[in-house]
Amino acid sequence: MAIDPTSVSDPAPSWFTPKRLLVVFCVINMVNYIDRGAIATNGVNGSPRICTENNVCSDGSGIQGEFDLSNFKDGILSSAFMVGLLIASPIFASLAKSINPFRLIGVGLSVWTLAVVGCGLSVDFWSITICRMLVGVGEASFISLAAPFIDDNAPVAQRTAWLGIFYMCIPTGIAVGYVYGGLVGDGLGWRYAFFGEAILMLPFAILGFVMKPLQLKGMSNAKIIPGLLNEEFSKKDSSSYVSYTSNQLSRFGQDIKALLSEKVYVVNVLGYIAYNSVIGAYSYWGPKAGYSIYQMENADLLFGGVTIVGGIVGTIGGSVLLDRMNSTIPNAFKLLSIATFFGAVFCFSAFCFSSLYVFLVLFLIGEILVFATQGPVNFVCLHSVKPSLRPLSMAISTVSIHIFGDVPSSPLVGILQDKLNNWRTSALILTSVFFLAAGIWFIGIFLPSVDRYDEEDSEHLGTRVEQPDVTPLLESKVANGDSTSASL
């Protein structure tokens, strides 16, 4: 049954130019990763209680001191968000085919906001761990949908650069989180750092509920509507809901099978997993390792500064370079393998020197090189699969790099450090995993690959549904002859 366009949605909002959409997504992404950086700082995470041989114990500081956490439990806390992300990411990606994605983002960011408030109010290890799990639910609603929207609306010759700007917010957010967590945690207390994050995210959670819908490429036949639920389903009985759920699960299974059959996508994600296991452990343990190895009095600020410079220069530089090379999948793999290999060399060498200044210079160069991968790796994720699978490809990629990457790596590094009691050795062992990532991505250069961005999805063409006038921003503006669509 056809849907009356006038009853479903208004025309695409003129206020949302592509650049404004990019800015909104970037700020949300940065706030999300400010939280990830803040919880790793000495000001928020703190230090454990230490007892001498005479049974004289210090109180410790921050979360680790107040809840008396071992390094292993502390590592688990850093990875707890993954539980919510694992469960919710595929769900949000699948629901985006029938529910307005911006409403899904609004729901998820509302959960995120409440969850970080809960972190600030937590009373023990388990209460803060549960809240960290709910933070992952909020991230899941956003991370799988933002990149496809940006890829749709970016100028063709600058797609990788726009993705690079978006993913630049990851290291930048972590770095700002280091500074923010250190200052607020030391000045006001670790709980207030979480309350501040909630205030920053709240306007975007509200925006998700009031923003008008935009069409996502590859889902032109999906019933995307302004509200949370489809009116078609509100009139059906419980048996129809069961049938609908069964069909959705069946389609989800077929989509997962199709995704895993893409060898280029699988190899790309495997390399990303190895890469992220190092980046994730760096982001969590970096300030503590730097404080221990080099006696950095302001480890949070130093690591934050190195990460923000390396993240901005590396991410933008790698993305622009791929656009200049001609954005193809083989070129992306070449850039991924070369940048990661030489980045590993510099980062590994940095930890071999006892001089703080030599370490900072070498580590900064290494960070610039390893962060040059952010645009290319996500370009491959988006362009190696059919358009309708892009949200799911981003969701599965995100889940995979966390559940097999930084989730186990953080507690494993904690266990390794408990055994070795030597942060320099632990850091060198961790950094060597970068070489594995470079090797995996090197294999991708030789795989047969086709850019599937413009490929039609035959399975989504069976049932035609009249659509409201909700089109990608650039297409809408071009159709109206508006040459200023990409301007602020």
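This briefing describes the fold, the confidence, a surface patch and the cysteines of one protein chain. The model is predicted, and the mean pLDDT of the chain is 79. Its secondary structure consists of 20 helices and zero strands. Of the 488 residues, 57% count as buried.

**Overall fold**

- The secondary structure assignment gives helices, 20 in number, while the count of strands is zero.
- Contacts between residues at least 6 apart in sequence join residues at least 24 apart in 83% of cases.
- The chain exposes an area of about 19900 Å², and carbon and sulfur atoms supply 65% of that area.

**Confidence of the prediction**

- A pLDDT of 70 or more is reached by 79% of the residues in the chain.
- Confidence is highest in helix α19, where it stands at 96, and lowest in helix α1 (residues 5-8), where the mean is 40.
- Over residues 220-236 the pLDDT stays under 50; for this stretch the model has 43 contacts beyond four places in sequence.
- Residues 458-472 also have a pLDDT below 50, and the model gives this stretch 37 contacts beyond near neighbours in sequence.

**A nonpolar patch on the surface**

- Six side chains, those of Ile-338, Phe-341, Phe-342, Val-345, Phe-348 and Phe-435, make a nonpolar surface patch of about 490 Å².
- Helix α14 (residues 329-352) provides the largest share of this patch, with five residues.
- Phe-435, one of the patch residues, lies in helix α19 (residues 433-444), the helix in which confidence is highest.
- Phe-435 counts as partly exposed because its relative accessibility is 30%, which falls between the limits of 20% for buried and 50% for exposed.

**Cysteines**

- The structure holds zero disulfides.
- The cysteine sulfur closest to that of Cys-169 belongs to Cys-26, at 3.9 Å. This distance is too far for a bond, because a disulfide requires the two sulfur atoms to be within 2.5 Å.
- Cys-169 has a relative accessible area of 3%, and therefore it is buried, the cut-off being under 20%.
- Cys-352 has a relative accessible area of 47%, so this residue is partly exposed.

Conventions: Residues are numbered from 1 along each chain as its sequence is written. This is a predicted model: local features need pLDDT of at least 70, side-chain atom pairs count only at pLDDT 80 or more; totals for chains, interfaces and linings use all residues. Side-chain values use heavy atoms; hydrogens and water are left out. Patches are made of residues with over 30% relative accessible area and no salt bridge: like charges are joined within 9 Å, nonpolar side chains (Val, Leu, Ile, Met, Phe, Trp, Tyr) within 5 Å. Accessible areas come from the Shrake-Rupley method with a 1.4 Å probe; for residues, only the protein chains shown count as cover. A salt bridge is a side-chain nitrogen of Lys or Arg within 4 Å of a carboxyl oxygen of Asp or Glu. Helices (H or I, at least four residues) and strands (E, at least two) are DSSP runs, numbered from the N terminus. Buried means under 20% relative accessible area, exposed over 50%, partly exposed in between (1.4 Å probe, protein chains only). pLDDT is the predictor's confidence in each residue, from 0 to 100. Contact means heavy atoms within 4.5 Å.
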